[in-house]
Amino acid sequence: MTDSDLIRQRASAIRDRIAAAAATSGRSASAVTLVAVTKTHPVETVRAALDAGLADLGENRVQELAEKAEALPGAADGGAHRWHLIGSLQRNKARDAVRYADLIHGVDSERLAAALGAKAEEIGRAVPCLVQVNISGEDSKSGVAAEAAHDLMAAVAGQPHLRLAGVMGIAAPAEGAAEAERIVRPAFRRLRALF
């Protein structure tokens, strides 16, 4: 079995789980984007993921994103797939972030939004971004506090070269369906309501 076949098989199983969860919540599975996180994997594995039909790829380190996007350009550079920059982002990495990412997931401060906006303006791009909200309230999680989320969304939307595409958050861990219902679902409901 090739890497592409194995990845295709695993992606199919995940898509089945997405479809079941979407049906349970009354949503369309097509409204959910599956992002294959390729961090620490070589370019050959990323190629296999693309060959397997995955079109959204995630990296959490800007340098690794830059290396892979140079080899496999994303939508910003005419490619058929999209590079997602996930995880925390430092302002000093803003130039490469706006250069290579098709969607930046972790805008968690007005200072970062300003840095991204300035670098995006330099290269003449309008970069889609998600505001990261700390929906769990955990100190270990990044993101703006829920009560400050609207101010940060306005700051991102106010940057001419950034496009507010949505919000993101990471819920507290939960074990089993009962805890997920009690902890995770309410956190994401609050996140949706904020947006």
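Which residues does H161 touch, not counting residues up to four places away in sequence? Keep that in mind while we get our bearings; this is a predicted model, and the tour comes back to H161 below.

**Start with the whole chain**

Show everything as a cartoon and colour by secondary structure. You should find seven helices and six strands. Trace the chain along the sequence and the pattern reads α-β-α-β-α-β-α-β-α-β-α-β-α. With a radius of gyration of 17 Å, close to the 16 Å that the globule rule gives for 195 residues, the chain is as compact as a globular protein of that length. Its C-alpha atoms fill a box of roughly 45 × 45 × 30 Å along the principal axes.

Now switch on the surface. About 10,700 Å² is exposed, and carbon and sulfur atoms supply 50% of that. Buried residues make up 38% of the 195. If you colour by charge, there are 24 positive and 24 negative charges to find, and their mean positions sit 3 Å apart.

**Next, select 110-123**

This is helix α5, with 14 residues. Put a distance between its end C-alpha atoms: you get 20 Å, which agrees with the 20 Å expected at 1.5 Å a residue. Show side chains and pick out L112, A113, A115, L116, G117 and A120, which are buried. What do the buried residues of α5 pack against? Select α4 (94-100), β4 (103-107), β5 (127-132), α6 (149-157) and β6 (162-168), and you have the partners. Then step just past the end of α5 to G124, where phi is positive, at about 70°.

**Now H161**

Select H161 in the loop between α6 and β6. Here is the answer to the opening question: H161 touches G117, A120, E121, R125, A126 and V127. Two of these, G117 and A120, are among the buried residues of α5 you just picked out. For a sense of distance, add Q90: it is 71 residues from H161 in sequence, and the two C-alpha atoms are 18 Å apart.

**Last stop: E64**

Move to helix α3 (residues 62-71) and select E64. Is this glutamate buried or exposed? Its relative accessible area is 15%, and the cut-off for buried is under 20%, so E64 counts as buried. Leaving out residues up to four places away in sequence, E64 touches T38, K39, T40, H41 and E59. Show those as sticks to see what surrounds E64.

Definitions and conventions:
Residues numbered from 1 in each chain as written. Predicted model: local features only at pLDDT ≥ 70, side-chain atom pairs only at ≥ 80, totals over all residues. Heavy atoms only, no water. Helix = DSSP H or I, 4+ residues; strand = E, 2+ residues; numbered from the N terminus. Expected span 1.5 Å × (residues − 1). Buried < 20%, exposed > 50% of the residue type's maximum accessible area, 1.4 Å probe, protein only. Contact = heavy atoms within 4.5 Å. Rg over C-alpha atoms; globule rule 2.2 N^0.38 Å. Areas by Shrake-Rupley, 256 points an atom, 1.4 Å probe, with all protein chains shown as cover. Lys, Arg positive; Asp, Glu negative; His and termini not counted. Charge placed at Lys NZ, Arg CZ, Asp CG, Glu CD.
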